[in-house]
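Q: Could you take a close look at one part of this model for me? I'd like to hear about a single helix, and how that part sits within the whole chain.

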Amino acid sequence: EETRPENMDQGKKKVGDGNELSAVEQHIKTISSTLITRTNEELENAKERVGPYLTQLKQEEGIRDEKTLAKKQKNFIKEARKVDAVNCLFNPNSFTQTVEN
C-alpha cells in the first residue's frame, strides 16, 4: 500500500536553525567571486592576444580602417573574455557539489 505524504509521520522532520541558508548564501558568494576572478583573468588574456589578432587582420585581410579595427578589437575582447560558467558550476567528480552549485 502506498503511503501518501499527508499520512506520513512528520515528527522526524529536521528542524533547521537557519544555518543551511547561510551556507547556501556563502556558497553563492564563493561562486560569484570565482566567476568574477575568472572573467578578469580572461579579460587580461584577451588583452594580451588582441595585438596578434589585429596584426593578423591587417596582414591577411588587408584591413586598414581604424574604425573597423577598433570594432573588431572590441568584439574580440568581448568574446575572448567570456567564461564558461558550466565549468565552474559542474564538478564531474562530485554529484553532490554539482547539485549544491
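**A close look at helix α2**

A: Let's start with the whole chain: residues 24 or more positions apart make up 57% of the contacts with a separation of 6 or more. Keep in mind that this is a predicted model. The chain has four helices and zero strands, so to speak an α-α-α-α pattern when you read along the sequence. Of its 101 residues, 12% count as buried. The accessible surface is about 8600 Å², and carbon and sulfur atoms account for 51% of that.

How far can you trust it? The mean pLDDT of the chain is 78, with 76% of the residues at 70 or more. Helix α2, residues 66–80, is where confidence is highest, at a mean of 90. At the other end sits helix α3, residues 85–89, where confidence is lowest, at 71.

Now for α2 itself. With 15 residues, α2 reaches 21 Å from its first C-alpha to its last, close to the 21 Å expected at 1.5 Å a residue. Look for the buried residues in α2 and you'll find L69, F76, I77 and A80. These four lie on the same side of α2, because they cover an arc of only 95° around the axis.

Turn to the face pointing away from that buried side, and you meet K67, K71, K74 and K78, which are exposed. To picture α2, then, put L69, F76, I77 and A80 on the buried side, and the exposed K67, K71, K74 and K78 on the face turned away from it.

Definitions and conventions. Residues numbered from 1 in each chain as written. Predicted model: local features only at pLDDT ≥ 70, side-chain atom pairs only at ≥ 80, totals over all residues. Heavy atoms only, no water. Helix = DSSP H or I, 4+ residues; strand = E, 2+ residues; numbered from the N terminus. Buried < 20%, exposed > 50% of the residue type's maximum accessible area, 1.4 Å probe, protein only. Contact = heavy atoms within 4.5 Å. Areas by Shrake-Rupley, 256 points an atom, 1.4 Å probe, with all protein chains shown as cover. pLDDT = per-residue confidence, 0-100. Expected span 1.5 Å × (residues − 1). Arc of directions from axis to C-beta.
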